[in-house]
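Colleague: I am new to this structure and would like to look closely at one part of it rather than skim the whole. Please choose a strand, and take me through it slowly, with enough of the surroundings for me to find my way.

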Amino acid sequence: QVQLVESGGGSVQAGGSLRLSCASSQYSVNSGRLAWFRQAPGKEREGVAAVTGDGRTNYQSSVEDRFTISKDNTNNNPYLQMDRLKLEDTAMYYCAAGLRYGWLPLSLQPAAYVYWGQGTQVTVSS
């Protein structure tokens, strides 16, 4: 089994930045593919960003101009750089890996991924 551990969450004022990391000891299994999701209280889990092993990316429209997902993730700690944070970005953030058979790369659907971290909380205040 692949273990993913998120870190870097915290509290920040609107307009600030945070860098989330996703640690894993089995990057060969992930093959450089990774995705980030978030879930706010009372809301469904939603896709934030995804990356393929060859560096292609996909972003949710609400974050594509503000967030950046790392592209070289095979032997490094993948990250999600979040800039110009807004109040609506407040959520628990999760990294996910292991694209299931039959799902297209860069999927932002939670069901597409096998391995998940426990999440790191991001809270944006005014």
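Modeller: A word on terms comes before anything else: helices here are DSSP runs of H or I with at least four residues, strands are runs of E with at least two, and both are numbered from the N terminus. What you see is a predicted model, and counted in this way its protein chain has 1 helix and 11 strands. Followed along the sequence, these elements come in the order β-β-β-α-β-β-β-β-β-β-β-β. The radius of gyration of the chain is 13 Å, close to the 14 Å that the globule rule gives for 126 residues, and the chain is therefore as compact as a globular protein of that length. Along the principal axes, its C-alpha atoms fill a box of roughly 40 × 25 × 25 Å. Of the 126 residues, 43% are buried, and among contacts between residues at least 6 apart in sequence, 58% join residues at least 24 apart.

The strand I would choose is β11, which covers residues 120–125 and has two faces: T120, V122 and V124 make up the covered one, while Q121, T123 and S125 make up the uncovered one. β11 pairs with strand β2, residues 10–13, in the parallel sense over 4 bridges, and within that pairing G10 stands opposite V122 of β11. β11 also runs antiparallel to strand β9, residues 91–99, to which 3 bridges join it; here T120 of β11 is the bridge partner of Y93. Both residues of β11 named in these pairings, V122 and T120, belong to its covered face.

From the side of β2, the residue to follow is V12, which is found in that strand. V12 has a relative accessibility of 14%, and because that lies under the 20% cut-off, V12 counts as buried. Leaving out residues up to four places away in sequence, V12 touches T123, V124 and S125, and also S17, L18 and L85. T123, V124 and S125 are residues of β11, with V124 on the covered face and T123 and S125 on the uncovered one. The distance between V12 and S126 tells a related story, since 114 residues separate them in sequence while their C-alpha atoms are 8.8 Å apart in space.

For comparison, strand β8, residues 79–82, also has alternating side chains: L80 and M82 point to one face and are buried, whereas Y79 and Q81 point to the other and are not. β8 runs antiparallel to strand β3, residues 18–23, with 4 bridges joining the two, and one bridge there has S21 and Y79 as partners. β7 is likewise antiparallel to β8, joined to it by 3 bridges, and in this pairing F67 has M82 of β8 as its bridge partner.

Loops can hold buried residues as well: Q60 lies in the loop between β6 (57–59) and β7 (67–69), and at 16% relative accessibility it counts as buried. Apart from neighbours within four places in sequence, Q60 is in contact with R38, E46, G47, V48 and L108.

Lastly, turning to the outside of the chain, the accessible surface comes to about 6,600 Å², and 45% of it belongs to carbon and sulfur atoms. There are 11 positive and 10 negative side chains, and the centres of these two sets lie 2 Å apart.

Conventions. Residues are numbered from 1 along each chain as its sequence is written. This is a predicted model: local features need pLDDT of at least 70, side-chain atom pairs count only at pLDDT 80 or more; totals for chains, interfaces and linings use all residues. Side-chain values use heavy atoms; hydrogens and water are left out. Buried means under 20% relative accessible area, exposed over 50%, partly exposed in between (1.4 Å probe, protein chains only). Two strands pair if DSSP finds at least two bridges between them. The radius of gyration is taken over C-alpha atoms; the globule rule is 2.2 Å times the number of residues to the power 0.38. Contact means heavy atoms within 4.5 Å. Accessible areas come from the Shrake-Rupley method with a 1.4 Å probe; for residues, only the protein chains shown count as cover. Lys and Arg count as positive and Asp and Glu as negative; His and the chain ends are not counted. The place of a charge is taken as NZ of Lys, CZ of Arg, CG of Asp or CD of Glu.
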